[in-house]
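Reader: I have this model open and want a quick tour. Short answers, please, with the cut-offs as you go.

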Amino acid sequence: MKKIRGLTRSKKKKTPFEQALEFQGTPLTTSKSIGILGINITNDVQFRGHLEGKAKLASKKLGVLNRSKQYFTSRQRLVLYKAQVRPHMEYCSHLWAGAPAYQLNPLDSIQRRALRVVDDPILTDGLDTLGLRRDFASLCVFYRLYNGECSEELFRMVPSSSFYHRTARHRLGVHPHFLEPLRSCTQRFCRTFLSRTVGIWNELPAEVFPQRYDMEFFKKGVIKFLRGRQRVGDISDVANVHRRR
C-alpha cells in the first residue's frame, strides 16, 4: 500500500495545475511570453530571450560604428555609442537587473567591446558600467515606491522595518530609512526586484536621503555613492562590489 500511495502521490505532483482564468467575463489564454513596455518576459519569469535580443541589436549597431570609426573622432564615437547603442541596454534595466550573470554577460561584453571601439581611456574612464546603471535605476524606482509615488498595491509590497533601540549595536551606522531585509533560501527570490534592491537600499548612507521627497537630490547622492563603490578601471558588474548577485 505504501508503494501504491507513493506512486499516486508522485503522479499528482507531476500533473500540471490547470484552471480556466477569466477577466471580467472574458476567458484568458496562456502564452509562453508576454511583452510589457518593450520587455519580453517568459511564463517562468525569465529574461534570457529578451536580453539576447537586446545584445544582438546593440552588437549590430556597434559593428556599424566600428566599421565607420575612421570617419569619427574618439569623442564622436563615444557620443554615438551613448546615443545609439547604450540606451537599448539600459531601458527598463531595473526589471531584469536580477537576471543570472550568464544572461547579463552578453550585454557587459558589448560595453567592453565599445571601449575598444572608442579607443580613448581618458574618455571611457568616466563611463559608468552597466551594472552601476542597473543598480541606479533600481534604487530610483524603489525610492518612488518607498515614498508612495505609486499604486497602493505596490506601496504595500515595500517591507516595513522592525523597531530597534538607538543604542543597539546592530543599529549603529544604519540610516533612518532602513528596511527589514527579505530573507529566502532560494536564489531566484533573492534576485527579484524587491529583495535585491532592499539590500542595496540598506547600504546607502544617510546623506543621500532628503528631508522631503526630492528625486533629483536622491539621484545625485545615489550616483555619487555608486561611483565611489565602483572600482577604478573595472568594467565588471557593480553587483560584484556589492556582492549581491
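Reader: Start with D128. Buried or exposed?
Author: D128 is buried, with a relative accessible area of 8%. Buried means under 20% relative accessible area, exposed means over 50%, and partly exposed lies in between (1.4 Å probe, protein chains only).

Reader: Ground rules before we go on?
Author: This is a predicted model, so local features need pLDDT of at least 70 and side-chain atom pairs count only at pLDDT 80 or more, while totals for chains, interfaces and linings use all residues. Residues are numbered from 1 along each chain as its sequence is written, and side-chain values use heavy atoms, with hydrogens and water left out.

Reader: Back to D128. Which side chain meets it in a salt bridge?
Author: R227, at 3.0 Å, N to O. A salt bridge here is a side-chain nitrogen of Lys or Arg within 4 Å of a carboxyl oxygen of Asp or Glu.

Reader: Where do the two sit?
Author: R227 is in helix α11 (residues 215-229) and D128 is in the loop between α6 (121-124) and α7, so the bridge ties together parts 99 residues apart in sequence. Helices (H or I, at least four residues) and strands (E, at least two) are DSSP runs, numbered from the N terminus.

Reader: And how covered is R227?
Author: R227 is partly exposed, with a relative accessible area of 45%. Salt bridges with shared partners also put R227 and D128 into one network with R86, E90 and R133.

Reader: How many salt bridges does the structure hold?
Author: Eight. One of them joins the side chains of R86 and E90, at 2.5 Å, N to O.

Reader: How far apart in helix α3 are R86 and E90?
Author: Four residues, so about one helical turn separates R86 from E90. R86 is buried at 5% relative accessible area, whereas E90 is partly exposed at 24%.

Reader: Which side chain does R134 meet?
Author: D108, in a salt bridge of 3.5 Å, N to O. This pair links distant parts of the chain: R134 is in helix α7 (residues 130-146), D108 is in helix α5, and their positions lie 26 residues apart in the numbering.

Reader: Are those two buried or exposed?
Author: Buried, in both cases. R134 has a relative accessible area of 1%, and D108 has 9%.

Reader: New topic, packing. How many residues has the largest nonpolar core?
Author: 25 residues. A nonpolar core is a set of buried Ala, Val, Leu, Ile, Met, Phe, Trp, Tyr and Cys residues joined through side-chain atoms within 4.5 Å. Those with the most contacts inside the largest one are L51, L62, Y81, M89, W96 and L107.

Reader: Which elements supply at least two residues of this core?
Author: β4 (39-42), α2 (48-67), α3 and α5 (101-118) each do. α5 gives the most, with seven residues. Apart from this core lies another, of 23 residues, with L139, L179, I200 and F218 among them.

Reader: What does L51 touch?
Author: Not counting residues up to four places away in sequence, L51 touches W96, A99, Q103, L104 and L107. Contact means heavy atoms within 4.5 Å.

Reader: Now the outside. Which residues make the nonpolar surface patch?
Author: I34, I36, L37 and Y91, covering about 410 Å². Patches are made of residues with over 30% relative accessible area and no salt bridge; like charges are joined within 9 Å, and nonpolar side chains (Val, Leu, Ile, Met, Phe, Trp, Tyr) within 5 Å. Accessible areas come from the Shrake-Rupley method with a 1.4 Å probe, and for residues only the protein chains shown count as cover.

Reader: Where is Y91?
Author: Y91 lies in the loop between α3 (74-90) and α4 (93-96). Its relative accessibility is 42%, so Y91 counts as partly exposed.

Reader: How many disulfides?
Author: Zero, taking a disulfide as a pair of cysteine sulfur atoms within 2.5 Å. C92 is buried at 14% relative accessibility, and C190 is partly exposed at 27%.

Reader: Last one, P159. Where is it found?
Author: In the loop between α8 (152-157) and α9 (187-190). P159 counts as buried, at 11% relative accessibility.

Reader: What is P159 in contact with?
Author: Leaving aside neighbours within four places in sequence, L179, E180, L182 and V198. P181 is 22 residues from P159 in sequence and 7.7 Å away in space, C-alpha to C-alpha.
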